[in-house]
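User: Please take a close look at one part of this model for me. I would like to know how the helices pack and what lines their contact.

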Amino acid sequence: IRQTWTLPGIAGLILSLAMAVDANVLIYERLREEKGKEGSLGFALKKAYQRAFTTIFDSNLTTVIPAFILLVPGLATEEVKGFAIVMIIGLGISMFTAVVVTRMIFETGIKMGWIKELRMFHLFEKPNFDWMKFARFAFVSTAILATAGIIAFISRGDEKYDIEFVGGTQVELALKPEKEKTSVGIEDVRRKADEALGGAV
């Protein structure tokens with residue numbers, strides 16, 4: 001699409017790769033569960049992709065909605081919008097490759113006889129953990145942390161927004177002190193900044 005790579009864009013690419021890994025982990029975990037049941041490997045593969053699709057779609061949807069919000073005119077700078085665009089493109093590609101391309105590779109391998117058995121590492125053969133006994137603690141601690149985060153966010157005022165959200169240009173000016181001086185006076189700094197960048201600094 002003939003666009004320039006930026007640091008926010010690279011961050012969006014890395015996050016897209018992480019989401020792609022997450023989608024494949026979900027599929028493989030489902031495949032591990034289905035493989036232990038009765039039926040052929042092809043049937044287990046079909047059930048694994050069917051059951052993992054809802055979770056993959058949900059995780060991608062909840063990530064792509066904020067990316068579209070960042071594209072609202074006037075909400076963010078071009079750098080942040082670049083991050084959002086890369087995220088949207090990356091999630092679309094990773095979703096397609098996770099649920100279509102990898103399945104096509106597996107099914108082709110099974111059909112051609114290249115894949116006859118999938119051996120997967122089992123740390124726990126039949127895990128049986130009662131995670132719900134931690135539910136009350138999890139809900140309370142999450143509510144406390146979320147409330148504290150909202151209070152901290154609101155109390156900081158406009159200081160919390162960096163240049164990516166407020167706009168403008170940030171320039172770092174390095175000045176060497178004159179001979180026999182240990183530092184540059186603030187008036188000299190203002191004068192040099194005005195000379196270099198104009199009076200609007």
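Analyst:

**The core and the helices around it**

This is a predicted model. Its largest nonpolar core has 15 residues, and Ile27, Leu31 and Ile56 touch the most other members. Three elements give two or more residues to this core: α1 (7-35), α2 and α3. The top contributor is α2, with 7 residues. A general tendency fits here: in soluble globular proteins, nonpolar side chains tend to be buried together.

Take Ile56 as the way in. Set aside its neighbours within four places in sequence, and Ile56 is in contact with Ala23, Leu26, Ile27, Met95 and Val99. Ile27 is itself one of the residues that touch the most other core members.

There is also another core, apart from the one just described. It has 9 residues, including Met19, Val64, Leu70 and Ala84.

Now the helix pair. Helix α2 covers residues 41-70, and helix α3 covers residues 78-111. Their axes come within 10 Å and cross at roughly 175°. Angles over 145 degrees count as roughly antiparallel, and α2 and α3 are therefore roughly antiparallel to each other. What kinds of residue make up the contact of α2 with α3? They divide into 21 nonpolar, 5 polar and 4 charged.

One distance can be added. The C-alpha atoms of Ile65 and Ile88 are separated by 9.0 Å, while the two residues are 23 apart along the chain. Ile65 sits in helix α2. Its relative accessible area is 42%, so Ile65 is partly exposed.

Two serines deserve a look as well. Ser16 lies in helix α1, and Ser94 lies in helix α3. Are they buried or exposed? Buried means under 20% relative accessible area. Ser16 has a relative accessible area of 5%, so Ser16 is buried. Ser94 is at 7%, so Ser94 counts as buried too.

Their contacts can be read from either side, again leaving aside neighbours within four places in sequence. From Ser16, the partners are Val86, Met87, Gly90, Leu91 and Ser94. From Ser94, the partners are Ser16, Ala20 and Asn60. The two serines thus appear in each other's lists.

Last, the aromatic rings. The structure holds 3 aromatic pairs. Phe53 and Phe57 make one of them: the ring centres are 6.0 Å apart and the planes are at 20°, so the pair is stacked. The cut-off for stacked is planes under 30 degrees apart. Both residues lie in helix α2, 4 residues apart, about one turn of the helix. Phe53 has 37% relative accessibility, so Phe53 counts as partly exposed. Phe57 has 41%, and Phe57 also counts as partly exposed.

Phe129 and Trp131 form an aromatic pair that is tilted. The rings are 5.6 Å centre to centre, with 50° between the planes. Phe129 counts as partly exposed, at 47% relative accessibility. Trp131 has a relative accessible area of 61%; exposed means over 50%, so Trp131 is exposed.

To return to your request: α1, α2 and α3 each give two or more residues to the largest core. The roughly antiparallel pair is α2 and α3, and its contact includes 21 nonpolar residues. In α1 and α3, the buried Ser16 and the buried Ser94 are in contact with each other.

Notes: Residues numbered from 1 in each chain as written. Predicted model: local features only at pLDDT ≥ 70, side-chain atom pairs only at ≥ 80, totals over all residues. Heavy atoms only, no water. Phe/Tyr/Trp six-rings, centres within 6.5 Å; stacked < 30°, edge-to-face > 60°. Buried < 20%, exposed > 50% of the residue type's maximum accessible area, 1.4 Å probe, protein only. Axes fitted to C-alpha atoms, helices over the stretch in contact; angles between N-to-C directions. Parallel < 35°, antiparallel > 145°, perpendicular 65-115°, else oblique. Nonpolar A, V, L, I, M, F, W, Y, C, P; charged D, E, K, R; others polar. Core = buried A, V, L, I, M, F, W, Y, C linked by side-chain atoms within 4.5 Å. Contact = heavy atoms within 4.5 Å.
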